[in-house]
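Here is a short report on one protein model. Look over the sequence and the fold before reading on.

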Amino acid sequence: MRFFVLVFAVCAVISSVGQAQWLETTIFLPDSFGGLTYVGAIGCNPERGEFLVGGTWGDCVLAVDCSTGRKVERIPAGMEVSSISYNGAERKVYAGGLVSQDITVIDAATDSVVTVVSPGHEVAVLCYDESGGKLYSAGDAGIEGRLAVIDCTGDSLLSVVEVEPNPSSLCHASGPDKLYCAHNFGNCVTVLDCAADTVLAVVSVGTGPSGLCYDPVGEKVYCSNFGTEWFPDSTVTVIDGTADTVIATIVTGARPAGLCYNPVNRCVYCARATGHVTVVDCAADTVVADVEVAHSAHRVCCNPLEHKVYCGYYEGVAVVDCATNEVIADVPAHGTPLLCFSPTLNAVGFAGSWTREDEIGVIDGTTNQVRARVAIRAALPEHICYSSGSHKVYCTSWGDSVLTTVDAATNRLLSHIDLQLSPYALCYCPDGDKVYCFGIRGSFRWLAAVACADDSVLGSFAFPAPPTSHCEMCHSPGSNKLYLSFIYDSIVVAVDCDRDSVLKTLHVGAYPRGICHNPVNDRIYTANNGSCDVTVIDCASDSVVASIPVYCEPAVLCHNPDDNLVYCGNEYGCVSVIDAARNLPLGGIVAGGSCGGLCWNPHDRKVYCANPGDSTVTVFDPLGDTILATVRTERGAGVLHYNPVNNTVYCLNGGGTPYSRVVGRWVTLIDGTTDDVLGHLPVGSEPVAMAWNPFENRTYVACYRGSCISVIRDSMPGAIEEGRTPHAGRLAPGPTVVRGTLRTAFSRQHPANRAELLDISGRKVMELRPGENDIRCLSPGVYFVHSSLDTWRSPLVTKVVVAR
C-alpha cells in the first residue's frame, strides 16, 4: 500500500526577476582526471618531475608524476591542446589550444594557471626562444598563416607577423638568432629575425615540409619533406643559417617525417613513415645509416646523456643506440606515440592514442625500462536520468559497460556499476525506484534492471532478436510498463516493470525514432521516420490503436496534457499537431530548418521547437497556428527541457558533426513568459542529454566530448520549508496530504483560479479541485502543485513527494 509524504514545499512567484542559474560544478568521468582523449601534445615540467599531456578533447593538460607514476593534476586549458613548451627561465609551461586559439600559461612550480594569452589565430605549434625570452606561436587565421610573438616575462602579445599558410613546425637557431617556420602546403620555410621579429626570407624546399632541426656547429637547418598523398617526397633540405639559402638536398628514402639532432655525434636522425630511421652526418650532409624500426615511424627525439635516439612508430617506441645505430629495445605503446625528453629526469615520456584508451609512459634513459605507464581514460556520456526515490543521478557512456552513479545531494561520484553490455538507452521507473539500461552483449540485445536504493543489478534479460544499436525507451507510470522502440526492426517491445519480463512485441511504422507517453489516455506514441506517420499504442491492452499521418521523416515527439495534444517534429523543421483524444491530425507549422527537440510550457501555454541547423528555438501556440517568437541560441540548438519551478526552458547547444573539431558547449536559458534569453551557460563540450533534480533545482547535463556531467544550479525563488514561520506574502494555506488525499485551498470564486498537478518534467498529471483530491493512483516520485491565486496574480508552485 502506498502512503504519501509532503516532504517540503516550494512557494515561488514564478518570474524572471530575482532568478539565477549558474554552473555549480563539473563532474569529470570516469574520475577527476577524466576527459582528455586523443593525445595531441606532450611536454615536461622538470620543476615538479612531471610529464604533461594535452589532447583533442578534454580542454585540459594532465600531469603525471614520474616518480610515482600517478596522475597528479588536471589543469584547465584551451580546446584541442596541440603543443606544450617549457620555459625554464620564467618557470612556466605553455599549452597551445588549436581550436580555442589561445595559450594557457601554467606556473611550473604549482601546476596552476597563471593567465591565458590570445594570439588571434589557431595555435598549431609553439617554440620558446631562450636567448630572447620570447615564445613564438604559429598557426592559421583564415587563409593566412600567422606567427605571434609573446613576451614571456609579462605574458603579453608583442606582435603578429603574417607568413605563408599552414605552418607545420618551428625551430629556433640560436647562433644567428632566427626562427624557422615550415609550411606544409606551401613547400617553403619562412625565416624570421628574432631581434626585430621581421621576415628575412622565404626559402623554397621540397614537397610537404614537416620537420625542422638545427645544427649549431655548422649553423645549418634541416627540413624533412614528407610530400603529399599524390606527390610523396623522399628528401631532406639543408639550409645555410647565415645566408638562408639551400646548400644541399639529401635523398633519405620515402616519407621523411620527424627530425632530431644529436650533439654527441653531430648527426640528424630522420623518422620515415616506411618504418626506418635515416641517419645523416651533418659534417658531410650524407646518409651514414638506415635503421629499420617498424612501420609508420613518424617521430624521434634524442637523449644526448645516454647517446640514444627514440623513434615513435605505430604501436611502439624503438630505442636506437647511436654508437652502433642499432635498435636495442622496443617499448609497446598505443597508436603512434608522441615523444619528449627530459634531461632533468633522464627519461623519455611517450603519449599514445588509441581511441579512448590513451596513455602516458615514461622510459628510463639508462635502463630502457618503462618506469611508469598511466592510462588516460575518457568517458563519452550519452544518456542520463534522475532517481527521485533515491536522490541519485545515473549516466551511461558510449561504448562503455559502466553505469555511473552520482549522489544528487553532494554531486559526488558514488559507484561504477558494470552492466556487462554496451549501453544505448536509459530510463528511470519511479514505481519500484529502478533504472533500466538497454544495451548489446554478444549477439543479443539485453535490458538490465538496477535497484536505485543500493545500486544492485536486479537482473538482465535478452530479447530473442538480432541486436540493433538504436533504441529509445519510455515509461508508463499508469500501467508501470516500459516501452522500447527499435528503429531498424520497426517494433516496440512492452516490458512489465513489476516482473521485469517482456509482455509483447508490437509492429509499428517504419523506422520508429521518437517516443513519448500520454498520461491522460495512458498511450505511447512513436514517430516513424520511414513511413511518415505516428503509431498510437494503448498501454492497457498493449495494442496498436491508430496510425496518424504526419510530415515526412518525423523524429521528435512531445505531449501537451492541458489540451491533450501531441506534437511531432520532423527533420525539416515542420511540426505536426495531433488530437490525442480522437487520434486525428490537426495540421502543423513550419518552425525552422530542422527539429531537434520539443517541449511544452504549461504555465504560459506555449510549445518550443529547437532547430539545430538554424541555432534557434521557435515558440508557437498550442494549436500550431501562430509563431510567437524565434529565439537565437548558441551553436546547434538541440534537446529541450522545461523547468516548472523557474518557468525556464533549457536548450542544449551541442551542434557539430561527428567529425567536426568545433562543437557546441552551451546551455541557453529562455524565460518562459517573455521568451527572452536569460543567458548562455558554458558547460562541457557537446552536451547531449539532461536530467532534472527538483529537490535542489539542479539540472545535470551529459557532455559527450567533455567527458563530464555539468551541473547547473537554479535559484529557488521565495523558497520556504514547511514547519517554518509562514511567508508573509502568503494569503492562503498550501496543499496538505492526509491518508492519500491531497487537500488544496484556493478560491472557487474567480474563474482564473485553477490548480494542476505536474510531474518532474513539467507535464500535467491531473487537474486539482478545491478541497480533497484522491492521489492514491499516482506512482512514487516528485510532483508539483501548480496553482493560480488572483490576489498574487502569479502562480504558486508547491513540491510534493510521493513515496511507498
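## Largest nonpolar core

This is a predicted model. Its largest nonpolar core has 21 residues. Four of them touch the most other members: I384, V393, Y700 and I709. Six strands each supply at least two residues of this core. They are β35 (381-387), β36 (392-397), β63 (687-693), β64 (698-703), β65 (708-714) and β71 (781-789). β63 gives the most, with 3 residues. In soluble globular proteins, nonpolar side chains tend to be buried together.

V393 deserves a closer look. Leaving aside neighbours within four places in sequence, V393 is in contact with I384, C385 and Y386, among others. The list also includes T404, T405, V406 and A408, as well as Y700. Apart from this core lies another, of 20 residues. L36, C60, A351 and I360 are among its members.

## Overall make-up

The protein has 72 strands and 0 helices. It contains 804 residues, and 60% of them count as buried. Consider the contacts with a separation of 6 or more: 44% of these join residues 24 or more positions apart.

The accessible surface comes to about 29,000 Å². Carbon and sulfur atoms account for 52% of that surface.

## A four-stranded sheet

One open sheet is formed by 4 strands in the order β27-β28-β29-β30. Its pairing is antiparallel. β27 (299-303) and β30 (326-332) are the edge strands, and each pairs on one side only. On average, neighbouring strands of this sheet are turned by 20° against each other, direction ignored.

β27 pairs with β28 (residues 308-313) over 5 bridges, in the antiparallel sense. V300 has C311 in β28 as its bridge partner. Strands of a sheet pair through backbone hydrogen bonds, either parallel or antiparallel.

## D155 in its loop

D155 sits in the loop between β13 (144-151) and β14 (156-163). Is D155 buried or exposed? D155 is buried, because its relative accessible area is 11%, and the cut-off for buried is under 20%.

The side chain of D155 makes a polar contact of 3.4 Å with the side chain of Y94. Which residues does D155 touch, not counting those up to four places away in sequence? They are K92, Y94, V105, V114, T115, V117 and I150. Y94 thus appears both in this list and in the polar contact.

Technical notes. Residues numbered from 1 in each chain as written. Predicted model: local features only at pLDDT ≥ 70, side-chain atom pairs only at ≥ 80, totals over all residues. Heavy atoms only, no water. Buried < 20%, exposed > 50% of the residue type's maximum accessible area, 1.4 Å probe, protein only. Polar contact = N/O pair within 3.5 Å; in protein donor to acceptor, adjacent residues only side chain to side chain. Contact = heavy atoms within 4.5 Å. Core = buried A, V, L, I, M, F, W, Y, C linked by side-chain atoms within 4.5 Å. Areas by Shrake-Rupley, 256 points an atom, 1.4 Å probe, with all protein chains shown as cover. Pairing = 2+ DSSP bridges. Axes fitted to C-alpha atoms, helices over the stretch in contact; angles between N-to-C directions.
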